[in-house]
Protein chains: 4
Amino acid sequence: MVIKMYWTELKVKVRYNEVDRMNVVHNSNYFIYQEIGKNEYLDIIKLSGKLSDENGIFSPITSNTMNYVKPATFDEDIFVRIALYKITGVQITYISGIYNKDEELLAYGKISNCITDTNMKPLSIKKTCLEDYEKLKENECISAIGNNLTKKIIDDFFKNKKYMIKK
Amino acid sequence: MVIKMYWTELKVKVRYNEVDRMNVVHNSNYFIYQEIGKNEYLDIIKLSGKLSDENGIFSPITSNTMNYVKPATFDEDIFVRIALYKITGVQITYISGIYNKDEELLAYGKISNCITDTNMKPLSIKKTCLEDYEKLKENECISAIGNNLTKKIIDDFFKNKKYMIKK
Amino acid sequence: MVIKMYWTELKVKVRYNEVDRMNVVHNSNYFIYQEIGKNEYLDIIKLSGKLSDENGIFSPITSNTMNYVKPATFDEDIFVRIALYKITGVQITYISGIYNKDEELLAYGKISNCITDTNMKPLSIKKTCLEDYEKLKENECISAIGNNLTKKIIDDFFKNKKYMIKK
Amino acid sequence: MVIKMYWTELKVKVRYNEVDRMNVVHNSNYFIYQEIGKNEYLDIIKLSGKLSDENGIFSPITSNTMNYVKPATFDEDIFVRIALYKITGVQITYISGIYNKDEELLAYGKISNCITDTNMKPLSIKKTCLEDYEKLKENECISAIGNNLTKKIIDDFFKNKKYMIKK
């Protein structure tokens, strides 16, 4: 039996300007970490490049969310793990888990985007690029992780190194 | 019958550095708008000042979320509306609606925080400052808006000028 | 004798995320304040709108600098004052002074930009839009302030309310 | 004859949120790159740790400046090179050169800081920590690079790999 791999990891060092006066990372930066983790995921998955704003296809975020468990501080190395949770005809949803070097969960979140033309009119992912749609579909982790995205389920999933996609 | 007032409004002009290469506000900035709107709300409500990191009381965010409806662009005036949704012994949750000058909903979200000591140990809001707890409690909008926070319900609520707290 | 007016002022409230763990505004934000002050200046001066990236004319920054005198802190109102220092055929230079509500100088700086086509090839401002060039030229403050931009000279200049352009 | 090594290098990938609507890195981010490059330099030089805000010693920036030669774009790898230019009793000045993977100079700048107590009162670096002062002094590059910091001189200096401090 083959275990499917689902999540990628990006190491990030917390920058001085990202920390607030409580000496913890300001919440808005976790969304940036989540985004650069998602971009790393897409680099590793290797899509065709057709779904790019350089080709007139925008990928606006439709919603994002973050839950904070333990703060990160200046100069700390953190590990941003991302998996594609679910893709439909019009939306892609990713989940994230952000860890410190001791494998403690610092934050976990979700980010969804659609694709549109340059006038922000939504497009079908399937029709715009079937090849990429199918590649993303086969990397969905929803069947492995289930519908109930609790902290414990997300944490177990991202701690399971068998699911890790090596670069 | 007196109609209670619930939400405050802060006008913000979109800065050049907040816009991405699709010429729309980058998602991380909506969390900053939500936060400065929340701080404006707290200024207007006028708490005692005891729940402040200057007094050793931190207010870390426990979760935040944003849903994007229509993009804002450079130099646009946007209007950040915030109401206190619900306060429990340990957590305060606010809802937000971000509008353009034509009263179109651009984004709506939620932000929750707890209070802690300087070691990030959670504290009871009620026990730490009963006076502020009671003031916040009486400004809760959950009884007016209900449990089901759909886009339509949030939009109707923040469009209702009778609910607006004038500065 | 008529005294020419040179500088505009933009009031900005320091945001929570702009402050670092020393509880002072992180230096990178002063460049953002300087930029939004410059954009306010250009709004007030009212150019033709031809020198805009919407018309394929980019205005990349060629250099910027900031000197820090006294730190600003969270929630403080600060006042960003900007004057056009000098315009040549290929470059526009502005100077800035950032003040607190007690008219104390917090920081002062300089920002220069050129104009280019969409391929970042420099263009002559004069040839691209003579009308705007002339308007900017006539607002130059170099003849009033001189060549030697010391802290004292800049501070005296921006404290002189006779030079202030009212919105 | 031994050639002294002066500069350190930090590789940074340009983040999506750092790019503006001209698809080039917004100028304020170069100051962040310069700062994280400086922190990397200090990590490599290995000071005693006494000059840290954790010990009540602040290191506020007194001035910083950046000159822009060629824009960086989204997802590009850039290389932030930093050397200690000069240390006096009260101020430390670093110079920076930011390069793309083809060894083209994108930007170069300067950053100075003093050290203060927690009330922002300036302290003597020499008296506060002689050991660190001496270590920094011996890493000064001013004797190698000279007083005249032109673009060409800075570019030649940071292109000379013999001067590079390996991590």
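**Exercise 1. Find the strands that pair with strand 2 of chain C, and say which way they run.**

Step 1. Start inside the chain: strand 2 (residues 61–68) of chain C and strand 5 (residues 105–113) of chain C run antiparallel, with seven bridges joining them. Strands here are DSSP runs of E, at least two residues long, and helices are runs of H or I of at least four residues, both numbered from the N terminus. Two strands count as paired if DSSP finds at least two bridges between them.

Step 2. Pick out one pair of residues: N67(C) sits opposite Y108(C), which belongs to strand 5 of chain C.

Step 3. Now cross to another chain. Strand 2 of chain C also runs antiparallel to strand 2 (residues 61–68) of chain D, and five bridges join these two. Here M66(C) faces N64(D).

A quick note before going on: this is a predicted model, in which local features need pLDDT of at least 70 and side-chain atom pairs count only at pLDDT 80 or more, while totals for chains, interfaces and linings use all residues. Residues are numbered from 1 along each chain as its sequence is written, chains are lettered from A and ligands numbered from 1 in the order in which they are written, and side-chain values use heavy atoms, with hydrogens and water left out.

**Exercise 2. Work out how chain A relates to chain B, and describe what each chain brings to the interface.**

Step 1. Superpose the copies, by least squares on the C-alpha atoms of residues with pLDDT of at least 70 in both. A turn of 180° with a shift of 0.0 Å along the axis lays chain A on chain B, at an RMSD of 0.0 Å. Within chain A, T65(A) has the C-alpha nearest that axis, 2.0 Å away. Both copies use the same surface, since 100% of the contact residues of chain A recur in chain B.

Step 2. Count the contacts, meaning heavy atoms within 4.5 Å. You get 24 residues of chain A touching 24 residues of chain B.

Step 3. Look at the area. Together the two chains bury about 2,000 Å², with 53% of it on carbon and sulfur atoms; buried area is the accessible area (1.4 Å probe) that two parts lose on being put together, summed over both. On the chain A side, M22(A), N64(A) and Y68(A) supply 25% of the area buried against chain B, more than any other three residues.

Step 4. Check the strands. Strand 2 of chain A pairs with strand 2 (residues 61–68) of chain B in the antiparallel sense, over five bridges. T65(A) stands opposite T65(B).

**Exercise 3. Find salt bridges between chain A and chain B, and place one of them in the fold.**

Step 1. Apply the rule: a side-chain nitrogen of Lys or Arg within 4 Å of a carboxyl oxygen of Asp or Glu. Across this interface the rule gives four salt bridges.

Step 2. Take R21(A) and D53(B), whose side chains meet at 2.6 Å, N to O.

Step 3. Take another, R21(B) with E54(A), where the closest N and O atoms are 3.7 Å apart. This pair crosses between chains: R21(B) lies in the loop between strand 1 (8–13) and helix 1 (27–45) of chain B, while E54(A) lies in the loop between helix 1 and strand 2 of chain A.

Step 4. For the whole picture, the count over all chains comes to 56 salt bridges.

**Exercise 4. Describe the interface of chain A with chain D.**

Step 1. Superpose again: a rotation of 180° with 0.0 Å of shift along its axis puts chain A on chain D, RMSD 0.0 Å. That is how a two-fold axis relates copies. The C-alpha of V12(A) is the one in chain A nearest this axis, at 5.1 Å.

Step 2. Count and weigh: 15 residues of chain A contact 15 residues of chain D. The pair buries about 1,200 Å², 41% of it on carbon and sulfur atoms.

Step 3. Look for charge pairs. There are two salt bridges between chain A and chain D, and E18(A) with R15(D) forms a salt bridge at 2.9 Å, N to O.

Step 4. Ask which elements take part. Strand 1 (8–13) and helix 1 (27–45) of chain A each give two or more residues to the side that touches chain D, and helix 1 of chain A has the largest share, six residues.
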